[in-house]
Amino acid sequence: MRITAVDPILLQGSQTYHASASGTEATDNGDWQLIIKVSTNEGLTGWADVETLGPAAVAIIAGQGMAILGFKTLGELLVGENPLDTERLWDKLYIGSAYYGRRGIAMQCLSALDNALWSIRAQATGVPIATLLGGRRHDRVLAYASTLFRETPEGMADAARAYVERGFRAVKFGWGVFGQDPGRDRELVAAAREALGPERHLLVDPGWYPAGWTRPGPMRSLRENIALCEWLADYDVGWVEDFIHPEHFAEYATVRAHSPVPVAAGEQVATHWEFERFIGDGCVDVIQPDLSRCGGLTVARRVAQMAHDAGIDLVPHSWLTHLLTGYSLQLIATLPRARFVEFNVSQSALTRGIAPARFTLEADGCIAIPDSVDMGVRVDEDFIAAHRVN
Ligand SMILES: [Mg+2]
């Protein structure tokens with residue numbers, strides 16, 4: 001089997017990232033979304049979503065490459081290759097783009113391509129990805145509703161109650177207005193905890209940009225980050241996530257050592273070399289590789305082993321289309337300890353339309369992990385054609 005085409009598909013929608021004051025559902029990136037399609041001469045195709053700057057990613061995959069190694073496009077590196085050679089092709093993509101790549105957009109595209117190759121491998125062998133990765137240890141996993149902070153305590157309480165009514169036993173609120181007003185931050189978390197009751201998990205993602213993402217201001221200091229963890233413990237928060245500058249490994253380790261609340265992070269970390277340092281430095285209790293950014297399943301499977309050896313949990317970051325949820329569930333099925341799947345309840349019309357999925361929330365708040373080569377996800381090619389702009 002040979003790869004015949006690598007197609008970056010840029011889609012445009014009409015919604016923007018948004019969280020309201022009320023309980024009304026928030027919206028993830030609804031203006032632009034990139035997905036990639038890898039085609040083969042045997043009719044198998046692999047699809048994956050990418051969280052990146054789409055127009056630049058299109059150039060990295062299908063633009064004009066240069067003759068010298070390190071300046072190749074990812075597409076020219078893959079066409080003609082055997083898609084089943086996932087490990088070898090990961091190295092080829094990394095080296096072939098190393099001069100301009102290694103992290104950022106190139107690594108995000110490499111991640112998506114790697115996931116798509118795993119999908120082709122599953123289809124070619126008739127064996128689900130989880131089995132290819134080493135075998136299913138879990139058939140189901142607790143889902144947490146993943147959304148943005150609402151602007152008022154009433155909005156937080158309304159939103160939290162709505163998730164409880166839908167059957168969720170865990171909810172994560174992130175970003176939005178959090179960090180702009182310490183008094184209000186506390187009221188927002190308190191309202192969520194009260195509405196969820198003591199039995200359900202409340203996870204908090206304060207964001208690491210200065211003072212939330214809507215207003216410039218200083219970043220929290222190390223002491224302020226410790227103080228944040230201390231007051232979040234008052235509300236029995238299950239973890240505090242990704243709240244420190246992603247390059248400040250030493251600060252993560254220090255805050256974790258002092259925090260009464262488990263520290264979760266890793267969605268900004270990429271390549272197994274960086275995960276080795278991040279986990280080895282003792283930065284987190286919960287490592288959160290994002291399969292569309294970290295280097296794909298080829299890297300994430302190694303991170304799973306590192307996490308197990310370090311005695312910490314792995315919960316993939318997955319806040320995009322259900323293609324990413326599907327790939328994440330396949331990895332989760334293989335973990336020695338499967339705590340949660342992140343379930344994006346804030347999908348825009350664009351992220352929701354690309355990949356309808358058969359995931360259903362069961363009465364106990366769990367999702368069954370599909371044991372099929374399609375991961376329980378269907379790519380809607382008519383929707384994609386209708387929203388494609390390149
Ligand atoms: Mg996060």
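Helix α3 passes helix α4 in a right-handed crossing. The model analysed here is predicted. Helix α3 spans residues 86-96, and helix α4 spans residues 104-125. Their axes come within 10 Å and cross at roughly 160°. Angles over 145 degrees count as roughly antiparallel, so α3 is roughly antiparallel to α4.

The residues of this contact can be listed from each side. Helix α3 contributes Thr86, Leu89, Trp90, Leu93 and Tyr94. Helix α4 contributes Leu110, Leu113, Asp114, Leu117, Trp118 and Arg121. By class, eight residues of the α3 contact with α4 are nonpolar. One is polar, and two are charged. The polar residue is Thr86 of α3. The charged residues are Asp114 and Arg121, both of α4.

A second packed pair is formed by helix α6 (residues 153-166) and helix α7 (residues 182-196). Here the axes lie 8 Å apart, and the packing angle is about 30°. Angles under 35 degrees count as roughly parallel, so α6 is roughly parallel to α7. The crossing of α6 past α7 is right-handed.

From α6, the residues in contact are Pro153, Met156, Ala157, Ala160, Arg161 and Val164. They meet Glu187, Leu188, Ala191, Ala192, Glu194, Ala195 and Leu196 of α7. Ten residues of the α6 contact with α7 are nonpolar and three are charged, with no polar residue. The charged residues are Arg161 of α6 and Glu187 and Glu194 of α7.

How values were computed: Residues are numbered from 1 along each chain as its sequence is written. This is a predicted model: local features need pLDDT of at least 70, side-chain atom pairs count only at pLDDT 80 or more; totals for chains, interfaces and linings use all residues. Axes are lines fitted to C-alpha atoms, for helices over the stretch in contact, and angles run from 0 to 180 degrees between N-to-C directions. Helices (H or I, at least four residues) and strands (E, at least two) are DSSP runs, numbered from the N terminus. Angles under 35 degrees count as roughly parallel, over 145 as roughly antiparallel, 65 to 115 as roughly perpendicular and the rest as oblique. A crossing is left-handed if the near helix is turned anticlockwise from the far one by less than a right angle, and right-handed if clockwise. Two residues are in contact if their C-beta atoms, placed from the backbone, lie within 7 Å.
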